[in-house]
Amino acid sequence: MSEIDQTREMAGSLDHLDGLETAKRGFDRRSFLQRTALTGVAAGSVGTLLSACGSSGSSSASGSSGSSGVFGNTPNYKFVIVNHVTTNPFFTPTQYGAADACKLLGCSYQWTGSESSNVSQMVSALNTAVTSGADGIAVSLIDLHAFNAPVEAALKAGIPVVAYNADAPTNKRLSYIGQNLEKAGELLGERIVASVGSGDVALFIATPGAANLQPRLEGALKAIKASGKPITPHTVATGAAVPAELSTIDAYWVGHPSTKGMYSFDGGSTESLAKVMQKYGLPAKGIKAGGFDLTEETQKLLQEGNIEFTIDQQPYQQGFLPILQLFFWRASGSLSGPAEVDTGLKFINKETVVPYVESKSRYEGTSTEAKVIPLKAGAEA
C-alpha cells in the first residue's frame with residue numbers, strides 16, 4: 001500500500017472514531033483526570049484512555065509517523081510532564097495539547113506529579129523521570145528553590161528541562177512557557193481599583209506562596225497600594241481541591257457581608273467564586289468579582305453575568321509547546337528548541353466569552369473531538 005493510501009485509510013479510521021465520539025454523552029473530565037493522573041502512569045495508558053473517551057488523538061504515537069518526512073527518522077522520544085494538581089480541570093486542555101503534539105511528532109508523554117500541590121511528590125516524580133532516562137521533562141516550578149537541584153541533575157544527565165505554567169528565576173531550566181504572572185496580577189489589581197474604589201476586598205488564592213499563583217497576588221496588591229485608594233485587601237487561602245475552594249469562599253461571604261469585591265487567582269477558586277456570586281445573587285447587590293482561567297463552568301457563569309471577567313492564559317499551549325520544544329532539542333542535537341513563550345493575558349467578559357461557550361473544543365478542554373472551529377464574525381484578533 002502506498003503512503004498516500006495509508007494516509008487516506010488512517011484518515012478514514014480517525015473520522016470513524018470522531019463520529020463515535022460525538023455520539024457519546026456524559027464525558028466527566030474530572031473523573032477522567034482522577035483516573036489517569038497517577039504518579040508514574042504510562043503515557044501509552046493515558047493515550048488508551050483518551051481514545052476510550054473518544055479522542056482522535058493519543059499521548060503516544062509511532063516514531064515512523066509523518067514527522068519522519070520532516071525531521072528525519074527520529075526515535076520514539078518519551079517525555080515526562082510533572083504537574084502540581086494533576087486532576088484539576090484547568091489542565092484538561094494542557095493534557096490535550098501534549099497528546100496532540102505527541103501525535104503530530106511521533107513521540108509519547110507521561111503525566112505525573114501531585115494532586116494537591118505537594119512539592120515533595122513533584123520532586124520525587126522529577127527525580128524518577130531523571131533516573132528512568134526520560135528524553136525530556138516539563139515541570140511546573142511552583143516552588144522557588146525545591147526544583148533547582150533535580151533540574152540541574154537532569155541537565156547534567158543530558159535531559160532537557162523546560163518550565164510551564166509556573167517559573168522560578170534561579171532555576172536553570174532551558175525555557176518558560178506560560179503567562180507573565182506578576183503582570184497579570186497587576187492588571188487585575190487595576191481592575192479592582194477601577195471597579196471597587198473603596199472598602200474591603202477578598203482575594204482568594206488556592207495555595208499562598210506557590211510560584212504559579214503568588215506572583216499574581218503580589219502584582220494585585222502592588223497595584224492596589226499604588227492607587228492610593230482606600231481599599232483594604234484580605235488574602236484568603238482556599239486550598240488546591242475545588243470542593244474545598246467552594247465551601248471556603250461561601251463561608252467567607254456569609255461571615256463578611258460588607259465585602260465590596262471578591263477576586264480569585266486560580267481557576268478552581270474563580271469557578272467557585274462565580275457559583276457563590278450566583279447562589280446569593282451578589283451581582284444584583286453591586287458586589288464586584290473576577291478571576292482567572294476558563295473552566296467550562298466558569299465560561300457559563302461568566303456569560304450569565306455572575307462575575308465581571310476572567311483572564312485566559314491558553315492552557316492548551318502550555319501542554320503543546322513544551323513537547324514541541326523538547327522534541328526540537330532532541331531532534332536538533334540541542335541546537336534548537338527552547339524559547340521563552342508568554343502564552344498570554346486576555347481579559348474575557350460576558351460578551352467575549354460567547355465563542356468559548358459556543359465552541360466546544362480540545363483547546364479549552366470542553367470536548368475530546370479534534371476539529372477546526374470556524375472563526376466567528378467580529379472575533380478579536
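**Sheets, helices and a few unusual residues**

The buried residues of helix 9 (214–227) pack against helix 8 (181–196), strand 6 (199–205), strand 7 (231–237) and strand 9. Here, buried means a relative accessible area under 20%, exposed means over 50%, and partly exposed lies in between, with a 1.4 Å probe and protein chains only. Helices (H or I, at least four residues) and strands (E, at least two) are DSSP runs, numbered from the N terminus. This is a predicted model, in which local features need pLDDT of at least 70 and side-chain atom pairs count only at pLDDT 80 or more, while totals for chains, interfaces and linings use all residues. Residues are numbered from 1 along each chain as its sequence is written, and side-chain values use heavy atoms, with hydrogens and water left out.

How confident is the predictor? The mean pLDDT of the protein (pLDDT being the predictor's confidence in each residue, from 0 to 100) is 86, and 81% of the residues reach 70 or more. Over residues 1–64, the pLDDT is below 50; this stretch nevertheless has 103 contacts in the model beyond near neighbours in sequence. A contact means heavy atoms within 4.5 Å.

Returning to helix 9, the buried residues are Gln214, Arg216, Leu217, Gly219, Ala220, Ala223 and Ile224. The length of this helix can be checked with simple arithmetic. The expected span of a helix is 1.5 Å times one less than its number of residues. For the 14 residues of helix 9 this should give 20 Å, and the end C-alpha atoms are 20 Å apart, which agrees. Just after helix 9, Gly228 takes a positive phi of about 75°.

Strand 9 (residues 288–292), one of the elements touched by helix 9, deserves a closer look. Four of its five residues are buried, so strand 9 is largely enclosed by the rest of the structure. Strand 9 is joined to strand 8 (residues 261–264) by three bridges, and these two strands run parallel. Two strands are said to pair if DSSP finds at least two bridges between them. Within this pairing, Met262 has Ala289 of strand 9 as its bridge partner. Three bridges also join strand 9 to strand 10 (residues 309–312), again in parallel, with Gly290 standing opposite Phe309 of strand 10.

The connections between these strands follow a recurring pattern. Strand 8, helix 11 (residues 267–279) and strand 9 make a right-handed β-α-β unit, and strand 9, helix 12 (residues 296–303) and strand 10 make another right-handed one. A crossover is right-handed if, with the strands pointing away from the viewer, the path from the first strand over the helix to the second runs clockwise.

Inside strand 9 sits Gly291, which counts as buried because its relative accessibility is 0%. Leaving out residues up to four places away in sequence, Gly291 touches Leu188, Ser264, Thr270, Phe309, Thr310 and Ile311. The C-alpha atoms of Gly291 and Ser269 are separated by 8.1 Å, although these residues are 22 apart along the chain.

Elsewhere, six strands form an open sheet in the order 2-1-3-4-5-11, with parallel pairing. Strand 2 (108–113) and strand 11 (341–342) stand at the edges with a single partner strand each, so one side of each is left without a neighbour in the sheet. Helix 5 (residues 92–105) packs on the sheet, touching strand 1 (78–83), strand 2 and strand 4 (161–164), and its direction makes about 155° with that of strand 2. Such angles run from 0 to 180 degrees between N-to-C directions, the axes being lines fitted to C-alpha atoms, for helices over the stretch in contact. Helix 6 (residues 119–131) lies across strand 1, strand 2 and strand 3 (136–139), running at about 170° to strand 1. At the strand 11 edge, two bridges join strand 5 (residues 176–178) to strand 11 in parallel, and Gly178 has Asp342 as its bridge partner.

Three serines complete the picture. Most residues other than glycine have a negative phi. Ser117, however, has a positive phi of about 60°; it lies in the loop between strand 2 and helix 6 and is buried, with a relative accessible area of 16%. Ser334 also has a positive phi, of about 80°. This residue is found in the loop between helix 13 (317–331) and strand 11 and is partly exposed, at 39%. Ser359 lies in the segment after helix 14 (354–358) and counts as buried at 12% relative accessibility. Apart from neighbours within four places in sequence, Ser359 is in contact with Thr366, Ile373 and Lys376.
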